[in-house]
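Student: I am new to this structure and would like a close look at one part of it. Could you pick a helix, show me how it sits among its neighbours, and start with the overall picture?

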Amino acid sequence: MEAIATEALPADLKPFVCSSCGDWNAARAPFRLFGDSHYVGPEGLSVVAIDTGAGVILIDGALPQSVPGILAGLKSIGRDVRDVKYIAVSHPHFDHAGGVAALARMSGATVLSTDAGADALKRGDVPKEDPQAGYGDFMKFPPVANVRALADGASVTLGDISLTLHATPGHTPGGASWSWQDCEGGRCIDLVFADSLNPVSHDDYHFGDGELTAAFRRSIAKVRVLSCDLVVSAHPSQSQLFERAARDALLDVEGCRAYADEAAKRLDARLASERGE
Ligand SMILES: [Zn+2]
């Protein structure tokens, strides 16, 4: 058999190459989170599909090479990519937004982000203020055409679902967490797709100097107090999503608080190490 002819793929589906990409993109069977909300992402990068009754809202698009798996996940819930009306983005890095351009092209969906996130998505690159901007061209991803910026606290409604943006800058300037309510068997709960809150950077960046760090603290505090019965973190392992699913314990009212407390610890440790402690 010939090697996969990636040259024949549209540019927005060309596999991204990174040291973690293979592990992140390992297949994971789709499963129901609650009500009409489903996990349809691969092993290491969360993607949620909410079947609203008037079309699908996707949250995140993982890597370009994750798109076939996301399409299969949509099929598993009886939906097609053309049913996707909105794609909400956690943050504009290649591992969460890399597949968004292709998914938006195939669906015609409107892509939702913060102001800073929308700017980065349209350019397919991170702003110079991004802690990982020092990696240069490595941070580029397929640019997204149809992007709408939402203000902090603004919502979109589709069918039965209202999805609210919570600006959570820090890991990136344009980061967002998302919340919505979903119901099952007469019970309604609050779900949160929590953005990455880890202080990862290029070697040349110091969180201790950054204006972004005060915003980072506020973002962590914001996620900590969200009304949150079920948290899905942008990387599922950071909220033990699959372990919780295996224990039939996806609902956890302490989930957002625990995720935020862990993030605060990591930021403190990072600042201490920058000070040479
Ligand atoms: Zn990131």
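Tutor: Happy to! A term to begin with: the radius of gyration used here is taken over C-alpha atoms, and the rule for a globule is 2.2 Å times the number of residues to the power 0.38. Bear in mind that this is a predicted model. For 277 residues, a compact globule would have a radius of gyration near 19 Å, and the protein chain has 18 Å, which agrees. Its C-alpha atoms fill a box of roughly 55 × 50 × 35 Å along the principal axes. The chain has 8 helices and 12 strands, and 48% of its residues count as buried.

Now to our helix, α2, which covers residues 67-76. Its buried residues are Val67, Gly69, Ile70, Gly73 and Leu74. Looking down the axis of α2, you would find these buried residues within an arc of 160°, so they line one face of the helix. What do the buried residues of α2 pack against? Their partners are two strands, β3 (48-51) and β4 (56-59), together with helix α4 (100-107). Just after α2 comes Gly78, with a positive phi of about 80°.

Let's follow those partners, beginning with the strands. Both β3 and β4 belong to an open sheet of 7 strands, in the order β1-β2-β3-β4-β5-β6-β7, with mixed pairing. At the edges stand β1 (31-34) and β7 (147-149), each with a single partner strand, so one side of each has no neighbour in the sheet. From one strand to the next, the twist averages 30°. In general, strands of a sheet pair through backbone hydrogen bonds, either parallel or antiparallel. Here β4 and β5 (residues 84-88) run parallel, joined by 4 bridges. Within this pair, Val56 stands opposite Val84 in β5.

The other partner, α4, lies across β4, β5 and β6 (110-113), and runs at about 160° to β5. Helix α5 (residues 115-123) also packs on the sheet, where it touches β6 and β7 and makes about 160° with the direction of β7.

One residue ties much of this together: Leu103. Beyond its neighbours within four places in sequence, Leu103 is in contact with Leu58, Gly61, Val67, Ile70, Val81, Val84 and Ile87. Of those contacts, Val67 and Ile70 are among the buried residues of α2. The largest nonpolar core has 75 residues, and Leu103 is one of the four that touch the most other members, along with Ile87, Val100 and Val111.

How values were computed:
Residues are numbered from 1 along each chain as its sequence is written. This is a predicted model: local features need pLDDT of at least 70, side-chain atom pairs count only at pLDDT 80 or more; totals for chains, interfaces and linings use all residues. A residue is buried if 20 or more other C-beta atoms lie within 10 Å of its own, exposed if 12 or fewer, and partly exposed in between; C-beta atoms are placed from the backbone. The arc is that of the directions from the helix axis to the C-beta atoms. Two residues are in contact if their C-beta atoms, placed from the backbone, lie within 7 Å. A nonpolar core is a set of buried Ala, Val, Leu, Ile, Met, Phe, Trp, Tyr and Cys residues joined through C-beta atoms within 7 Å. Two strands pair if DSSP finds at least two bridges between them. Axes are lines fitted to C-alpha atoms, for helices over the stretch in contact, and angles run from 0 to 180 degrees between N-to-C directions.
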